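Here is a set of exercises to work through with the viewer open. Try each task before you read its solution.

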Amino acid sequence: MVLTSSPAALPVDARQQVSRLMQRLQDDICARLEALDGKAKFREDRWERPGGGGGRSRVIQQGDVFEQGGVNFSEVFGSHLPPSILKQRPEAAGHPFYATGTSMVLHPRNPYVPTVHLNYRYFEAGPVWWFGGGMDLTPYYLFEEDAAHFHRTAKAACDRLDPVYYPVFKIWCDRYFFLPHRGEARGVGGIFFDYQDERPGLLYRPEGQAEGDPEQLASEPPSLQVRVGSRSWEHLFQLVQTCGDAFLPAYVPIVERRQGMEWGERERQFQLYRRGRYVEFNLVYDRGTIFGLQTQGRTESILMSLPPLVRWEYGYEPQPDTWEAKLHQVLRQPQDWA
């Protein structure tokens, strides 16, 4: 039996609350990043979506810290959801939808400063609603203390709501931000979750397995077989708010530690090569990219996650016992950072 939510389970101003949160996150993050960069400012473009809704895209370019980055807010609605969503929640078919969220990708100039991604989102479609999102770190040169700080900050945020969250969301992130055709992770992960609503059952709800296939579940590690009771809209809203507010404490100290490190052409070329992996993931696997394109979102805003410069090299293998080789090794085997 599929459990669905009733509109009565939502606060009267649910959409307004989430919209205000997503815009506030955008404002807070942009203000702190501008101060951190010290040179460049965000350019804002307000846009409207054919069919309903719109957003505001903010892009920073050619700064002292950030070569390019974007922090976007969107709030869109329409008559029907795209196939990528209906595959997961078929009971939403035939219903108008509402979706809002904040998404961000930052590509620093210094190769020792990691790229970072954040996305938090909320959907409603007829009888169903859900929250999703997360944040993850993509270093080019790995400092274990940076990865540990990022993960511990994310864990502390999750633990404020429920200590069962971080272990599941961490593995979920490792699995989601993975390039199967390369056999490696995009970065060192963080947290990721999706399709979180009031239905009791499995906390882990990967694409195509919302209710949990018993046979597939049996092959999963015990850490992914966590079950939760019915959770309120307010609880999950607080989870997104708490995790969203954890971003700046998780990332800013890393930038401040690494920004002053000297780098040269070798480090720059490796950074551009690794950015190629970022492009591959975002164009082939990323759900936000797929959803945005399928719902006729603003193309410039959807693709703002791509780096300004990138390169590919045929058959590249790092030299043994180098920092580059160390990163390649870690990306092929998930680590416990927290």
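The exercises below concern a predicted model, and each is followed by a worked solution.

**Exercise 1. The sheet**

Work out the order of the strands in the open sheet and find which strands stand at its edges.

Solution. Start with the order: 7 strands make up the open sheet, running β1-β2-β3-β4-β5-β6-β9, and their pairing is antiparallel. Next, look at the two ends of that order. β1 (43–48) and β9 (189–196) each have a single partner strand, so one side of each is left without a neighbour in the sheet. Finally, follow the twist, which averages 5° from one strand to the next.

**Exercise 2. Strand pairs and their turns**

Step through the pairs β1 with β2, β2 with β3, and β4 with β5, and give the number of bridges in each.

Solution. Begin with β1 and β2, an antiparallel pair joined over 6 bridges. Within this pair, tryptophan 47 faces glycine 55 of β2. The two strands form a hairpin with 4 residues between them, and glycine 51 in the turn has a positive phi of about 105°.

Move on to β2 and β3, which run antiparallel and are joined by 9 bridges. Here serine 57 has asparagine 72 in β3 as its bridge partner. The hairpin of β2 and β3 also has 4 residues between its strands, and glutamine 62 takes a positive phi near 55°.

End with β4 (residues 97–108) and β5 (residues 115–125), paired in the antiparallel sense over 10 bridges. Tyrosine 98 has glutamate 124 of β5 as its bridge partner.

**Exercise 3. A helix across the sheet**

Find the strands that helix α4 lies across, and give its angle to β9.

Solution. Select residues 165–176 to show helix α4. This helix lies across β6 (128–138) and β9, and runs at about 100° to β9.

**Exercise 4. The neighbours of α1**

Describe how α1 packs with α6 and then with α7, giving angles and contact residues.

Solution. Take α6 to begin with. The axes of α1 (residues 14–37) and α6 (residues 233–245) come within 11 Å and cross at roughly 5°. An angle under 35 degrees counts as roughly parallel, so α1 is roughly parallel to α6. On the α1 side, the contact involves Ala14, Gln17, Val18, Leu21, Met22, Arg24 and Leu25, which meet Trp233, Phe237, Val240, Gln241, Gly244 and Asp245 in α6. By class, the residues of this contact are 8 nonpolar, 3 polar and 2 charged.

Now turn to α7 (residues 247–258): α1 packs with α7 at an angle of about 10°, and their axes are 12 Å apart. The pair α1 and α7 is therefore roughly parallel. Asp28, Ile29, Arg32 and Leu36 of α1 make this contact with Phe247, Leu248, Val252, Val255 and Glu256 of α7. The residues of the contact of α1 with α7 are 6 nonpolar, no polar and 3 charged.

**Exercise 5. Around histidine 235**

Which residues does histidine 235 touch, leaving aside those up to four places away in sequence?

Solution. Locate histidine 235 in helix α6. With those sequence neighbours set aside, histidine 235 touches Leu161 and Tyr165. Then check the distance to aspartate 197: the two residues are 38 residues apart in sequence and 9.7 Å apart in space, C-alpha to C-alpha.

**Exercise 6. Cavities and a pocket**

How many cavities of 30 Å³ or more does the structure have, and which residues line the second largest pocket nearest its centre?

Solution. A search of the whole structure gives 2 such cavities. The largest cavity has a volume of about 50 Å³, and its lining consists of Tyr112, Pro114, Leu137, Pro139, Tyr141, Leu142, Phe143, Asp146 and Ala147. Sorted by class, that lining has 8 nonpolar, no polar and 1 charged residues.

The second largest cavity has a volume of about 40 Å³. Among the residues that line it are Asp136, Cys173 and Phe177, and the lining as a whole has 4 nonpolar, 2 polar and 2 charged residues.

For the second largest pocket, the space is about 230 Å³. Of its 14 lining residues, Asp45, Val59, Gln61, Glu300 and Met304 lie nearest the centre. β1, β2 (53–61), β3 (66–78) and α10 (299–302) are the elements that give two or more residues to this lining, which divides into 3 nonpolar, 7 polar and 4 charged residues.

How values were computed: Residues are numbered from 1 along each chain as its sequence is written. This is a predicted model: local features need pLDDT of at least 70, side-chain atom pairs count only at pLDDT 80 or more; totals for chains, interfaces and linings use all residues. Side-chain values use heavy atoms; hydrogens and water are left out. Two strands pair if DSSP finds at least two bridges between them. Axes are lines fitted to C-alpha atoms, for helices over the stretch in contact, and angles run from 0 to 180 degrees between N-to-C directions. Contact means heavy atoms within 4.5 Å. On a 1 Å grid over the protein atoms alone, a cavity is a set of points where a 1.4 Å probe fits but cannot get out, and a pocket is an open set with protein on both sides within 12 Å along at least five of seven lines; lining residues have an atom within 4 Å of a point. Grid points are joined across faces, edges and corners, and a volume is the space filled by probe spheres set on the points. Ala, Val, Leu, Ile, Met, Phe, Trp, Tyr, Cys and Pro count as nonpolar, Asp, Glu, Lys and Arg as charged, and the others, Gly among them, as polar. Angles under 35 degrees count as roughly parallel, over 145 as roughly antiparallel, 65 to 115 as roughly perpendicular and the rest as oblique.
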